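Work through these exercises with the structure open beside you. Try each task before you read its solution.

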Amino acid sequence: MASAPRRTFLGFDFSTQQLKVIAIDESLEVIYEDNVQFDKDLPEFGTQGGVHAHSDKLVITSPVLMWVKALDVLLEKMKSSGFSFSQVKALSGTGQQHGSVYWREGANAKLKNLSADLPLYEHLKDSFAVSDSPIWMDSSTTQECRHLEESVGGAQQLANITGSRAYERFTGNQIAKIYKQNPAVYVQSERISLVSSFAASLFLGDYAPIDYSDGSGMNFLQIREKVWSQSCLHACAPELEEKLGPVVPSSSVLGSVSLYYVQRYGFSADCKVVAFTGDNPASLAGMRLEEGDIAVSLGTSDTLFLWIQEPTPALEGHIFCNPVDAQAYMALLCFKNGSLMRERIRDECASGSWDEFSKALRSTPVGNNGNLGFYFDVMEITPEAVGIHRFNADNQKVPEFAKEVEIRALIEGQFMAKRIHAEKLGYKIMPRTRILATGGASSNEEILQVLSDVFSASVYTIDTANSACLGCAYRAIHGLQAETGVPFADVVSLGAEPWLAATPNPTADEVYQPILKRYADLEEKVVLRKPSKQ
Ligand SMILES: Nc1ncnc2c1ncn2[C@@H]1O[C@H](COP(=O)(O)OP(=O)(O)O)[C@@H](O)[C@H]1O
Ligand SMILES: O=C(CO)[C@@H](O)[C@H](O)COP(=O)(O)O
C-alpha cells in the first residue's frame, strides 16, 4: 500500500540581514533550511547588513523591493533543490519588528492578479509609495515621539495603553514622520503594513491584517483590549485606521495561498497562510519558552524577553501581546548594538575570525581583571547612549584595551547590561532560571559561557539558531487547530527539547556581583540625559 504523502509546514523570517526559511514535517523535525543574504545575494540593492544608513546616522531604511526579490530568489532556490511544495499544508512567517511598508493605491488589485509567468518583483515594482522602508534601527523620530506622548497624557500613560512609551523605531512614530514630511506620499498609501503583514500579503495575494503581537510594537495597539487606540492614531495621522486595516489574533488562518504559488511553484490550492508576526514573538514560539525562562536572542539586534501573565508597562522595555496564548503577554528589552558591534570588534581584534574571538574569551579571566566597557557604535536603545567607553579596575576612563581584554569587555558588558536592565524591571534571575539563547551568535560556545557566567544561570539552546523561522513553522501547525482551542504547548510537545549549552563557573557570581554594581553606576555616567519623559 502506498504510504500517505508527508504533510509539511513552512516558516519564513524576513529579518534584518536575510530572508530565511525552515520546513518541518508532522513530527516537527526540520527537513529543509535555506536563506537569501541581502548584501551577498542581492548586491544590486547596495545594502550593508541589509540596510541603508543615511548620512545623518539617524535614518535607517531597507529597500522594500529587496524583500520582494528575496522571496522570488528563495522560492526559486527551493524549487531547484526539488522541494515538494505540494506537501505544504500551512505556512506562516515573521519579520523584523516595527518596520513599515507603504502600498501605493492600486497595489492590492495587482496582488490579486499575479500571473504565474513573472516573478513577484516584476509585478510589484511600482506598488510602493515609499521605496525605502523605515526599519527598527531608525532613530530619527524623537519629535514625533514627544508629540505622541504629550497627546495621550505622558510617557507612562502611553505605556499603559500600548505597552511601551514612545520609541523612535516604533511604527506609529515613523508613520507620523512620513505624514508630516510628505503628506502626498501618505495620501497615496492605500495600506500600511508591518514587515510581517507585508510578507503575509505576498503569500495571500491580498492585504494581510496585522497580528496582535507584532501590532504591539507600533505605539498604536491597546494591548489589553486588542484594538487600535483612537487617541494614538489621531495623534499621528488622519484616516489611519483605514490604512492599517484590522488587527487579528496571531494564530488566525488568513486564507489559502494565492493561485500564483499554486501555478508557479506547485503549492496545493488548500495550503493555509497563518498570520505572520514579529521575529521576537516568533522566537518565543520556536524556543517553546515557558513562564520563568529568560530568552536571549543574539541576532542583528540583541533582545531579552520573557513570557509574562500580567502586563506591567514601564518607562523602559516593552510589553507585547503573547503570540501563542491570547491571555498572556511577553516583556522585551532591545539592544541595538548586537551582532554588528561584535563583528566590528572581531574584525579589529581577532583578524575577522570567530575562532580567534572565541580564543580570546577562553584566554581571559571571568571578570576581565575589573576592566569593563560600553560599546555603542550606534545610538543604543537600552540605555540611550552612544560611543565606546572603557574603564579600568579603578573606574578610570582609558582610551584602549589589549585586544583580548577588549573582546571580553565587549561580551561581558553586553550581558551585564542585559542582566541589569532585566533586574531593573523586576525580573529575578535565580540559580534555577533557564536562559534560552538563540540567534546567529548563539552558535558560539564561548559567548554562551560568558552569558551563563554573567547571569549565574544555565544556558540552553536549540538545534537551530533560527528559532524565529522554526517558531513560525510551529505556529503554522497550531493555526490549523487553534480555533478548536488546542493550546500551542500541546502542538509542540513532540518538538526537540532545548539542550544545556553552558553552566556557570562556580566562582562567577562572586566575581560579577561587585562588577555588576560598578557597571550600573558607570552606565549612569555614559547615558545621554534627555528632557523628562514623564
Ligand atoms: N560563530 C559566531 N560567533 C558570533 N556571532 C556569530 C557567529 N556566527 C554568526 N554570528 C552572527 O550572527 C549574526 C546573524 O544572526 P541572525 O540571528 O541570523 O540575524 P538576523 O536574524 O537579525 O538577520 C551575524 O551578523 C553574525 O555576526
Ligand atoms: O526592534 C527590535 C525588537 O523590538 C528588533 O529585535 C527587531 O525585531 C530586529 O530583529 P533582528 O533582525 O535583529 O532579529
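## Exercises on a two-domain chain

In this predicted model, 33 residues of domain 1 are in contact with 30 residues of domain 2.

**Exercise 1. Find the bounds of the two domains in the protein chain, and state what distance separates their centres.**

Step 1. Domain 1 covers 8-280.
Step 2. Domain 2 is made of 288-461 and 504-534.
Step 3. Take the centres over C-alpha atoms: 28 Å separate domain 1 from domain 2.

**Exercise 2. Describe the area buried between domain 1 and domain 2.**

Step 1. The buried area is about 2,600 Å².
Step 2. Carbon and sulfur atoms give 55% of that area.
Step 3. Now look at what domain 1 buries against domain 2. Trp-136, Arg-165 and Asn-280 supply 22% of it, more than any other three residues.

**Exercise 3. Count the salt bridges between domain 1 and domain 2, then list the polar contacts and the helices on the side of domain 1.**

Step 1. The salt bridge count between the domains is one.
Step 2. The side chains of Arg-165 and Glu-384 form a salt bridge, at 3.7 Å from N to O. This distance passes because the cut-off is 4 Å.
Step 3. Polar contacts across the interface come to 12 residue pairs.
Step 4. On the side of domain 1 that touches domain 2, helices H5 (142-152), H6 (155-162) and H10 (212-215) each supply at least two residues. H6 gives the most, with five residues.
Step 5. Sort the residues of that side by type: nine are nonpolar, 17 polar and seven charged.

**Exercise 4. Which residues are closest to ligand 2, and which polar atoms lie by its oxygen atoms?**

Step 1. Ligand 2 is surrounded by 14 residues. The closest are Thr-16, His-98, Arg-169, Asp-279 and Ser-301.
Step 2. Check the backbone. A polar backbone atom of Ser-301 is 2.7 Å from an oxygen atom of ligand 2. For a backbone N or O atom of Gln-97, the distance to a ligand 2 oxygen is 2.9 Å.
Step 3. Check the side chains. An N or O atom in the side chain of Asn-280 is 3.0 Å from an oxygen atom of ligand 2.

**Exercise 5. Repeat the search for ligand 1: how many residues surround it?**

Step 1. The count is 16 residues. Ser-15, Lys-20, Thr-300, Glu-343 and Gly-440 are the closest.
Step 2. Look for side-chain N or O atoms by the ligand 1 oxygens. Lys-20 has one at 2.8 Å, and Gln-18 has one at 2.9 Å.
Step 3. Add Gln-17, with a polar side-chain atom 3.0 Å from an oxygen atom of ligand 1.

Methods: Residues numbered from 1 in each chain as written. Chains lettered and ligands numbered in written order. Predicted model: local features only at pLDDT ≥ 70, side-chain atom pairs only at ≥ 80, totals over all residues. Heavy atoms only, no water. Domains from an automatic or database assignment. Contact = heavy atoms within 4.5 Å. Buried area = accessible area lost by both parts, 1.4 Å probe. Polar contact = N/O pair within 3.5 Å; in protein donor to acceptor, adjacent residues only side chain to side chain. Helix = DSSP H or I, 4+ residues; strand = E, 2+ residues; numbered from the N terminus. Nonpolar A, V, L, I, M, F, W, Y, C, P; charged D, E, K, R; others polar. Near = heavy atom within 4 Å.
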